[in-house]
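Welcome! Open your viewer, set the model to a cartoon view, and let's walk through it together.

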Amino acid sequence: MMTEEFSANELEEARKLFAGPCDFMLGVAGLGQLPSADMSEIAFAGRSNVGKSSLVNALTNRNTLAKTSHTPGRTQQLNFFNLGDRIYMVDMPGYGYAKVSKEKRDDWTQLIFDYLRGRPTLRCVFILIDSRHGFKDSDIELMKMLDETAVQYRIILTKTDKIKTQQLEKVTADIIKTLKTHAAGYPDVLATSAHKDQGLKEFRAVIASYAV
Ligand code: GDP
(Lines give C-alpha, C1' and ligand atoms only; values in the text may rest on other atoms or scores of the structure.)
Protein backbone atom coordinates (compact mmCIF):
# COMPACT_ATOMS: atom_id res chain seq x y z
CA MET A 1 0.00 0.00 0.00
CA MET A 2 2.68 2.42 0.98
CA THR A 3 4.50 3.44 -2.17
CA GLU A 4 7.57 4.21 -0.11
CA GLU A 5 10.03 1.35 -0.42
CA PHE A 6 12.67 0.35 2.05
CA SER A 7 15.97 -1.30 1.19
CA ALA A 8 16.86 -4.67 2.71
CA ASN A 9 19.41 -2.82 4.81
CA GLU A 10 16.84 -0.37 6.20
CA LEU A 11 14.46 -3.21 7.02
CA GLU A 12 17.25 -5.08 8.80
CA GLU A 13 18.30 -1.99 10.79
CA ALA A 14 14.68 -1.52 11.86
CA ARG A 15 14.36 -5.18 12.84
CA LYS A 16 17.44 -4.85 15.03
CA LEU A 17 16.19 -1.66 16.66
CA PHE A 18 12.93 -3.36 17.63
CA ALA A 19 14.65 -6.56 18.75
CA GLY A 20 16.66 -4.53 21.28
CA PRO A 21 15.51 -2.99 24.55
CA CYS A 22 12.17 -1.25 24.78
CA ASP A 23 11.29 -0.08 28.26
CA PHE A 24 8.22 1.50 29.71
CA MET A 25 9.38 4.81 31.19
CA LEU A 26 6.40 6.61 32.65
CA GLY A 27 2.78 7.57 32.27
CA VAL A 28 2.09 11.26 31.98
CA ALA A 29 -1.26 12.73 32.97
CA GLY A 30 -0.17 16.37 32.94
CA LEU A 31 2.40 18.16 30.89
CA GLY A 32 4.54 19.05 33.90
CA GLN A 33 5.58 15.39 34.01
CA LEU A 34 6.84 15.05 30.43
CA PRO A 35 10.34 13.57 30.14
CA SER A 36 12.89 16.04 28.84
CA ALA A 37 12.69 16.47 25.09
CA ASP A 38 16.12 15.01 24.43
CA MET A 39 15.27 12.41 21.80
CA SER A 40 13.18 12.02 18.71
CA GLU A 41 9.62 10.99 19.48
CA ILE A 42 6.71 9.37 17.67
CA ALA A 43 3.22 8.67 19.00
CA PHE A 44 0.42 6.16 18.40
CA ALA A 45 -3.18 7.37 18.46
CA GLY A 46 -6.51 5.80 17.70
CA ARG A 47 -10.05 5.09 18.82
CA SER A 48 -10.52 2.67 21.70
CA ASN A 49 -10.45 -0.90 20.41
CA VAL A 50 -8.72 0.01 17.13
CA GLY A 51 -5.99 -2.53 17.96
CA LYS A 52 -3.37 -0.08 19.21
CA SER A 53 -2.06 -2.18 22.10
CA SER A 54 -1.93 -5.28 19.90
CA LEU A 55 0.02 -3.40 17.26
CA VAL A 56 2.52 -1.86 19.70
CA ASN A 57 3.09 -5.28 21.25
CA ALA A 58 3.48 -6.94 17.84
CA LEU A 59 5.96 -4.29 16.66
CA THR A 60 8.11 -4.86 19.71
CA ASN A 61 7.53 -8.65 19.85
CA ARG A 62 6.28 -8.35 23.41
CA ASN A 63 2.97 -9.57 24.71
CA THR A 64 2.39 -7.18 27.53
CA LEU A 65 4.26 -3.95 26.82
CA ALA A 66 1.14 -1.99 25.98
CA LYS A 67 -1.85 -3.10 28.02
CA THR A 68 -4.79 -4.38 26.01
CA SER A 69 -8.43 -3.93 26.91
CA HIS A 70 -8.00 -0.84 29.06
CA THR A 71 -11.04 0.13 31.02
CA PRO A 72 -12.46 3.14 29.23
CA GLY A 73 -12.71 6.13 31.51
CA ARG A 74 -9.78 5.28 33.75
CA THR A 75 -7.07 7.91 34.18
CA GLN A 76 -5.96 9.06 30.79
CA GLN A 77 -2.28 9.31 30.26
CA LEU A 78 0.46 9.36 27.67
CA ASN A 79 2.58 6.25 28.13
CA PHE A 80 6.23 6.73 27.22
CA PHE A 81 8.47 3.92 25.99
CA ASN A 82 12.18 4.23 25.36
CA LEU A 83 13.21 2.22 22.29
CA GLY A 84 16.93 1.51 22.54
CA ASP A 85 17.80 5.08 23.62
CA ARG A 86 17.10 6.00 20.00
CA ILE A 87 13.49 7.17 20.07
CA TYR A 88 10.58 7.66 22.46
CA MET A 89 7.37 5.94 21.49
CA VAL A 90 4.26 7.39 23.08
CA ASP A 91 1.04 5.46 23.44
CA MET A 92 -1.71 8.06 23.51
CA PRO A 93 -4.98 7.35 25.33
CA GLY A 94 -7.70 5.91 23.08
CA TYR A 95 -10.59 8.15 22.11
CA GLY A 96 -14.07 7.90 20.65
CA TYR A 97 -15.56 5.64 23.29
CA ALA A 98 -19.27 6.48 23.27
CA LYS A 99 -19.90 6.20 27.02
CA VAL A 100 -17.15 8.58 28.10
CA SER A 101 -18.51 11.79 29.70
CA LYS A 102 -18.08 15.15 28.04
CA GLU A 103 -15.81 16.17 30.90
CA LYS A 104 -13.47 13.22 30.23
CA ARG A 105 -13.51 14.00 26.51
CA ASP A 106 -12.60 17.60 27.22
CA ASP A 107 -9.74 16.42 29.48
CA TRP A 108 -8.46 14.23 26.64
CA THR A 109 -8.64 17.06 24.11
CA GLN A 110 -6.83 19.45 26.44
CA LEU A 111 -4.04 16.98 27.27
CA ILE A 112 -3.49 16.02 23.64
CA PHE A 113 -3.65 19.56 22.30
CA ASP A 114 -1.15 20.80 24.91
CA TYR A 115 1.13 17.85 24.18
CA LEU A 116 1.02 18.37 20.40
CA ARG A 117 1.63 22.07 20.71
CA GLY A 118 4.41 21.82 23.27
CA ARG A 119 6.57 18.95 22.05
CA PRO A 120 9.17 20.08 19.51
CA THR A 121 10.76 16.62 19.30
CA LEU A 122 7.50 14.95 18.25
CA ARG A 123 8.19 13.92 14.68
CA CYS A 124 5.10 12.03 13.68
CA VAL A 125 1.78 10.80 15.07
CA PHE A 126 0.54 7.47 13.70
CA ILE A 127 -3.25 7.48 13.60
CA LEU A 128 -4.53 3.93 13.65
CA ILE A 129 -7.73 3.29 11.74
CA ASP A 130 -9.72 0.06 11.83
CA SER A 131 -9.67 -1.08 8.19
CA ARG A 132 -13.29 -2.27 8.46
CA HIS A 133 -14.58 1.15 9.49
CA GLY A 134 -12.42 3.87 7.92
CA PHE A 135 -12.42 7.39 9.37
CA LYS A 136 -14.85 8.33 12.14
CA ASP A 137 -15.59 11.90 13.26
CA SER A 138 -13.25 11.58 16.24
CA ASP A 139 -10.35 10.68 13.92
CA ILE A 140 -11.04 13.75 11.80
CA GLU A 141 -11.10 15.90 14.95
CA LEU A 142 -7.63 14.65 15.90
CA MET A 143 -6.37 15.28 12.36
CA LYS A 144 -7.63 18.86 12.56
CA MET A 145 -5.70 19.33 15.83
CA LEU A 146 -2.59 17.99 14.14
CA ASP A 147 -3.08 20.25 11.11
CA GLU A 148 -3.47 23.19 13.47
CA THR A 149 -0.38 22.36 15.54
CA ALA A 150 1.60 21.44 12.38
CA VAL A 151 2.53 17.97 13.63
CA GLN A 152 2.99 15.46 10.81
CA TYR A 153 0.81 12.36 10.89
CA ARG A 154 0.43 9.09 9.01
CA ILE A 155 -2.53 6.77 8.71
CA ILE A 156 -2.02 3.14 9.67
CA LEU A 157 -4.81 0.66 8.91
CA THR A 158 -5.27 -2.11 11.47
CA LYS A 159 -6.84 -5.60 11.40
CA THR A 160 -6.50 -5.94 7.62
CA ASP A 161 -6.74 -9.72 8.03
CA LYS A 162 -10.45 -9.12 8.62
CA ILE A 163 -11.22 -7.64 5.21
CA LYS A 164 -10.91 -8.63 1.55
CA THR A 165 -8.43 -7.05 -0.85
CA GLN A 166 -11.18 -5.17 -2.65
CA GLN A 167 -12.43 -3.61 0.61
CA LEU A 168 -8.86 -2.71 1.50
CA GLU A 169 -8.43 -0.94 -1.82
CA LYS A 170 -11.64 1.00 -1.32
CA VAL A 171 -10.90 2.12 2.24
CA THR A 172 -7.36 3.08 1.20
CA ALA A 173 -8.64 5.18 -1.72
CA ASP A 174 -11.22 6.89 0.52
CA ILE A 175 -8.58 7.73 3.10
CA ILE A 176 -6.10 9.07 0.56
CA LYS A 177 -8.86 11.28 -0.86
CA THR A 178 -9.65 12.70 2.59
CA LEU A 179 -5.96 13.21 3.35
CA LYS A 180 -5.70 15.56 0.35
CA THR A 181 -7.76 18.10 2.30
CA HIS A 182 -5.51 17.93 5.39
CA ALA A 183 -2.31 19.94 5.54
CA ALA A 184 -0.19 17.80 7.87
CA GLY A 185 -1.22 14.32 6.72
CA TYR A 186 1.23 12.09 4.87
CA PRO A 187 -0.56 11.26 1.63
CA ASP A 188 -0.40 7.47 1.84
CA VAL A 189 -1.57 4.60 4.01
CA LEU A 190 0.14 1.59 5.56
CA ALA A 191 -1.94 -1.59 5.93
CA THR A 192 -1.16 -3.78 8.95
CA SER A 193 -2.39 -6.80 10.84
CA ALA A 194 -0.96 -7.44 14.30
CA HIS A 195 -2.43 -10.93 14.29
CA LYS A 196 -1.14 -11.97 10.86
CA ASP A 197 2.16 -10.08 10.92
CA GLN A 198 1.29 -7.92 7.92
CA GLY A 199 2.93 -4.56 7.31
CA LEU A 200 4.89 -4.78 10.56
CA LYS A 201 8.35 -4.85 8.96
CA GLU A 202 7.49 -1.74 6.98
CA PHE A 203 5.96 -0.01 10.00
CA ARG A 204 9.15 -0.70 11.99
CA ALA A 205 11.16 0.84 9.14
CA VAL A 206 8.95 3.94 9.07
CA ILE A 207 9.45 4.41 12.83
CA ALA A 208 13.20 3.70 12.57
CA SER A 209 13.46 6.43 9.93
CA TYR A 210 12.65 8.93 12.71
CA ALA A 211 15.14 7.49 15.22
CA VAL A 212 18.43 9.21 15.94
P1 GDP B 1 -6.83 -0.99 21.74
O2 GDP B 1 -8.03 -0.68 22.60
O3 GDP B 1 -6.75 -0.04 20.58
O4 GDP B 1 -5.53 -1.09 22.49
O5 GDP B 1 -7.13 -2.41 21.05
P6 GDP B 1 -6.60 -3.87 21.41
O7 GDP B 1 -5.21 -4.07 20.96
O8 GDP B 1 -6.93 -4.17 22.83
O9 GDP B 1 -7.50 -4.74 20.41
C10 GDP B 1 -8.93 -4.64 20.42
C11 GDP B 1 -9.52 -5.94 19.85
O12 GDP B 1 -9.14 -6.11 18.49
C13 GDP B 1 -9.02 -7.20 20.56
O14 GDP B 1 -10.10 -8.10 20.64
C15 GDP B 1 -7.92 -7.73 19.64
O16 GDP B 1 -7.77 -9.13 19.72
C17 GDP B 1 -8.46 -7.32 18.27
N18 GDP B 1 -7.34 -7.12 17.31
C19 GDP B 1 -6.26 -6.32 17.47
N20 GDP B 1 -5.43 -6.39 16.41
C21 GDP B 1 -5.99 -7.27 15.54
C22 GDP B 1 -5.61 -7.77 14.24
O23 GDP B 1 -4.56 -7.45 13.65
N24 GDP B 1 -6.46 -8.65 13.65
C25 GDP B 1 -7.63 -9.05 14.24
N26 GDP B 1 -8.40 -9.90 13.56
N27 GDP B 1 -8.03 -8.59 15.45
C28 GDP B 1 -7.21 -7.72 16.10
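A residue is called buried when its relative accessible area is under 20%, exposed when it is over 50%, and partly exposed in between (1.4 Å probe, protein chains only). With that in mind, select the whole protein: buried residues make up 50% of its 212 residues.

A word on what you are looking at: this is a predicted model, where local features need pLDDT of at least 70, side-chain atom pairs count only at pLDDT 80 or more, and totals for chains, interfaces and linings use all residues. Residues are numbered from 1 along each chain as its sequence is written, and side-chain values use heavy atoms, leaving out hydrogens and water.

Next, colour by secondary structure. You should find six helices and seven strands, taken as DSSP runs (helices: H or I, at least four residues; strands: E, at least two) and numbered from the N terminus.

Now select residues 102-117, which form helix α3. This helix has 16 residues and reaches 22 Å from its first C-alpha to its last, close to the 22 Å expected at 1.5 Å a residue (the expected span is 1.5 Å times one less than the number of residues).

Which residues of α3 are buried? Show the side chains of W108, L111, I112, F113, D114, Y115 and L116. Around these buried residues, select their packing partners: the strands β1 (22-28), β2 (41-46), β3 (78-83), β4 (87-91) and β5 (122-130), together with helix α4 (137-149).

Finally, zoom out to the C-alpha trace, which spans about 40 × 35 × 30 Å along the principal axes of the protein.

Conventions
Contact means heavy atoms within 4.5 Å.
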